[in-house]
Amino acid sequence: WVDALYTVISRVGVLPLVTFVLFYRAQVAVNGYLADQGWVPPTLERLFPFLLGQQVLTFVLYAIILDFADYWRHWLAHQFRWWWALHSLHHAQRQMTFWSDDRNHILDDTIAFIWFGVIALLIGVPPLQFPLLVLVLRFVESLSHANVRLSFGSLGERLLVSPRFHRAHHGIKAAGDRSCNYGAVLPWWDILLGTADFSRDYPPTGDPSGEEALATGSYWAEQAAGLRRFGRALVPR
């Protein structure tokens, strides 16, 4: 139920409304500044004229670019001690569900929004397409967190992230195991960059290194536990 609350806040609450309004205002401001300087705001259609009038193809290309950017954001969240302190709330869940994708610390979500928004501005995502892109990408991410023994097969799992593929990312690591499968929607980046692991079958999930409140606390208890871990991570070892 706490995870479901995260989804309500993230998908249908004030947060998405603020997100889309801020993106629209930021794009208007950026485009206005560029126009004042005599520059044409960037879009994929201007870079590749053959995309003019090809809305579906352009939408797919925007989604692919944003997913590639999200791979790097996710990978970096596992590399920096302070960032992992926030992101570990997402990994603390021992019972994966469709709702688990939205189970994030608010500071981690803020970083993700800024990251996602800046990339979208740089590639010229239209304001009306931005919420639709977020909706489609986040739905596939939610599916990959579902508590089902679902694989897309040896070929399908190399085209789209499945619950089996992503559960390996959330699995508790044994000695010598490395983190893997950072892709949110497309496993292509893991394959290309050597972080893919198709061999793990539905390992137990969770983060034993974190305090219990991160796994089983209320919404506010989990947020507070994430802040405490974040504060400890800022102190030099």
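Student: Which residues form the nonpolar patch on the surface, and what is their accessible area together?
Tutor: The patch joins F68, W72, L155, L159, L160, W188, L192 and L193. The model is predicted: local features need pLDDT of at least 70, side-chain atom pairs pLDDT 80 or more, while totals for chains, interfaces and linings use all residues. Residues are numbered from 1 along each chain as its sequence is written, and side-chain values use heavy atoms, without hydrogens or water. Patch residues have over 30% relative accessible area (Shrake-Rupley, 1.4 Å probe) and no salt bridge (Lys or Arg nitrogen within 4 Å of an Asp or Glu carboxyl oxygen), with nonpolar side chains joined within 5 Å; together the area is about 750 Å².

Student: Which helix supplies the largest share of the nonpolar patch?
Tutor: Helices are DSSP runs of H or I, at least four residues. α4 (55–77) and α10 (188–193) each supply at least two patch residues. The largest share, 3 residues, comes from α10.

Student: Is W72 buried or exposed, or in between?
Tutor: W72 sits in helix α4. Buried means under 20% relative accessible area, exposed over 50%. W72 has 31%, so it is partly exposed.

Student: What is the volume of the largest pocket?
Tutor: A pocket is an open set of 1 Å grid points, with protein on both sides within 12 Å along at least five of seven lines; lining residues have an atom within 4 Å of a point. Here 37 residues line it, with S10, D109, A112, V134 and R138 nearest its centre. α7 (129–144) gives the most, 8 residues. The volume is about 780 Å³.

Definitions and conventions: Patches are made of residues with over 30% relative accessible area and no salt bridge: like charges are joined within 9 Å, nonpolar side chains (Val, Leu, Ile, Met, Phe, Trp, Tyr) within 5 Å. A salt bridge is a side-chain nitrogen of Lys or Arg within 4 Å of a carboxyl oxygen of Asp or Glu. Buried means under 20% relative accessible area, exposed over 50%, partly exposed in between (1.4 Å probe, protein chains only). On a 1 Å grid over the protein atoms alone, a cavity is a set of points where a 1.4 Å probe fits but cannot get out, and a pocket is an open set with protein on both sides within 12 Å along at least five of seven lines; lining residues have an atom within 4 Å of a point. Grid points are joined across faces, edges and corners, and a volume is the space filled by probe spheres set on the points.
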